[in-house]
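Visitor: I should like to take a close look at a single part of this structure, one helix of one chain, and then to see how that part sits within the whole. Please describe the helix in detail before turning to its surroundings.

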There are 2 protein chains.
Amino acid sequence: MSAEIEIQTTRTPLSRERVLLAAVDLADHEGADALSMRRLAAELGVVPMALYKHVANKDELLDGMIDVVVEEIDPPRTDTDWKSAVRDRILSARRALLRHPWASRVMESRTRPTPTVMSYMDSMIQMFTDGGFSIDLTHHVMHALGSRMIGFTQELFNDQTDPDTPIRPEMLEAMGAAYPSIYRLWKTVSHEDETIVGPGCDDQFEFEFALDLMLDGIERLKAADAG
Amino acid sequence: MSAEIEIQTTRTPLSRERVLLAAVDLADHEGADALSMRRLAAELGVVPMALYKHVANKDELLDGMIDVVVEEIDPPRTDTDWKSAVRDRILSARRALLRHPWASRVMESRTRPTPTVMSYMDSMIQMFTDGGFSIDLTHHVMHALGSRMIGFTQELFNDQTDPDTPIRPEMLEAMGAAYPSIYRLWKTVSHEDETIVGPGCDDQFEFEFALDLMLDGIERLKAADAG
DNA sequence: CCCTAACGTGTACGGCGTACACTCGTCAAG
DNA sequence: CTTGACGAGTGTACGCCGTACACGTTAGGG
């Protein structure tokens, strides 16, 4: 009789792709911390060890998730100068990362790049050399761009104070005493953007500001290099 | 009789400082992965839960370890212009990070800065404002420097291929086919520095190259800002 | 029709962070 | 000298984690 109870799930079989997409989805909705092999398996209605038939281990799962994100980045434009092309592509990468907030953290934790990431870097190098950069300069520039190349910066205070805990005035006072320069900066910045007291700075603006700072510097280096 | 067996360890009692220093030492010698509460306790000849009388939890332990590293950074020089002062201090931070290879990874994982880190940032801001930067420009510059401010860059392929696995020629061939631009760049770079085939690039040089690129850009922005 | 290979299962192990209740040594107050 | 409070270190236990390994099950090809 148990055969009759058999539910009509006709569950589509697992596959590497289904596993990766489910993992990305889980991380998108519940954060990277919620992503355990066991939890992911539960999400797929399957026993934990089933996953290991499709990914070798958790590290490979994370690599695969990164690949999913990197594949969302637009290909290079070929209808403009190197500077616009690089700028646009990096901003496309940033958009992909913003869609998957866990991704930058996970990327930081990886030690070796996957083929997909290698391809991305390869095409990035090509954008510079096609744009007339020497190999040497391209090399240094790639290092200088660092993680900015795939759309994120290491922010060092990259929390976002959750909006349900409002800033208490006495904390500000204490902060003013302990960290006068931070306090002064914070006060100035918050006054300027009247929109909301909370964030105080516009991440997208800061990213583009820093990116353009680098690109302008790079442009100058190229001019000096080529004579 | 068991009293007689009592060993003459007269072990110095735990303290927050002793715990933190032992943790730093363990991470220095065995890597961040080896640092578990249990392992650290064993290293101190103590039961795991004993640590919790001195640090609230593992996150606080990590925060404390970061503080130890940040406190090794030299204070700002006051005998030069802003640019040299900032440059020197950042290179001092880099030296501290190189002494503790785990530190950059751990910093990346932290969400909220400790008071010690806040102080560091505060003094960094002050270096710019004292140097004649407007508050606004200082703000953007701090964002642009990002993690470079405490001496590391997000490298994106930050593995170091361990030296005991030599590069096999057929791998290079395959790489040349799959990633022609990377291959070309790699070949050029390795030919230049004849010292060793392995690393291929000088991290310290790349760091300073990128840092100077930023500082030069910042200097120009300042000139434009101040008129 | 059976063999095989691929896919999913079940059980188990060793590690982790840490809650909670305890022992025991120290030291001040009575 | 006793006592009682306090704080450092202990012991046990819980619920997670990643994953090794042996076992079913099932679908497709000889």
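Guide: The account below begins with one helix of chain B and then moves outward to the DNA strands, the contact between the chains, and chain A. The model is a predicted one.

The part chosen is helix α2 of chain B, which runs through residues 16-30. At 1.5 Å a residue, its 15 residues should span 21 Å, and the C-alpha atoms at its two ends are indeed 21 Å apart, so expectation and model agree. Six names make up the buried set of α2(B): B:Val19, B:Leu20, B:Ala23, B:Val24, B:Leu26 and B:Ala27. Viewed down the axis of α2(B), these buried residues fall within an arc of 160°, and they therefore line one face of the helix. The face turned away from that buried side carries the exposed residues B:Glu17 and B:His29. As for what lies against the buried residues of α2(B), they pack against two helices of chain B, α3 (37-43) and α4 (58-70). After the helix comes B:Gly31, with a positive phi near 90°.

One of those packing partners, α3(B), leads to the DNA. The largest share of the surface near DNA strand C, three residues, is supplied by α3(B). In total, 15 residues surround DNA strand C, and the closest are A:Met49, B:Ser36, B:Met37, B:Asn57 and B:Lys58. The closest residues to strand C thus include members of chain A and of chain B. By type, the surface near strand C consists of nine nonpolar, two polar and four charged residues.

DNA strand D may be described in a similar manner. Around strand D there are 15 residues, of which A:Ser36, A:Asn57, B:Leu14, B:Val47 and B:Met49 are the closest. Here the largest share, three residues, comes from helix α3 of chain A, residues 37-43. The surface near strand D divides into nine nonpolar, two polar and four charged residues.

The relation between the two protein chains comes next. A rotation of 180°, with 0.0 Å of shift along its axis, superposes chain A on chain B with an RMSD of 0.0 Å. The two copies are thus related as by a two-fold rotation axis. Within chain A, A:Gly217 has the C-alpha nearest that axis, at 3.0 Å. The same surface serves both copies, since 98% of the contact residues of chain A recur in chain B.

The contact itself draws 42 residues from chain A and 41 residues from chain B. On the side of chain A that touches chain B, at least two residues each are supplied by α7 (115-130), α8 (135-145), α10 (180-192) and α11 (203-226). That side of chain A divides into 18 nonpolar, 15 polar and nine charged residues.

Chain A as a whole can now be set out. It has 11 helices and zero strands. Buried residues account for 30% of its 227 residues. Among contacts in chain A between residues at least 6 apart in sequence, 64% join residues at least 24 apart.

One helix of chain A merits its own description. Helix α4(A) has 13 residues and reaches 18 Å from its first C-alpha to its last, close to the 18 Å expected at 1.5 Å a residue. Its buried residues are A:Leu61, A:Leu62, A:Asp63, A:Gly64, A:Met65, A:Ile66, A:Val69 and A:Val70. The elements that cover these buried residues include α2 (16-30), α5 (82-99), α6 (103-109) and α7 of chain A. A:Asp59 also belongs to α4 of chain A. With 13 other C-beta atoms within 10 Å, A:Asp59 is partly exposed. The C-alpha atom of A:Asp59 lies 9.6 Å from that of A:Ser109, although the two residues are 50 apart along the chain.

A last residue, A:Gln204, is found in helix α11 of chain A, one of the helices that supply the side touching chain B. A:Gln204 counts as exposed because it has 12 C-beta neighbours inside 10 Å, and a residue with 12 or fewer is classed in that way. Between the C-alpha atoms of A:Gln204 and A:Val69, which are 135 residues apart along the chain, the separation is 19 Å.

Note on methods. Residues numbered from 1 in each chain as written. Chains lettered and ligands numbered in written order. Predicted model: local features only at pLDDT ≥ 70, side-chain atom pairs only at ≥ 80, totals over all residues. Helix = DSSP H or I, 4+ residues; strand = E, 2+ residues; numbered from the N terminus. Expected span 1.5 Å × (residues − 1). Buried ≥ 20, exposed ≤ 12 C-beta atoms within 10 Å, placed from the backbone. Arc of directions from axis to C-beta. Contact = placed C-beta atoms within 7 Å. Near = placed C-beta within 6 Å. Nonpolar A, V, L, I, M, F, W, Y, C, P; charged D, E, K, R; others polar. Least-squares fit on C-alpha atoms with pLDDT ≥ 70 in both.
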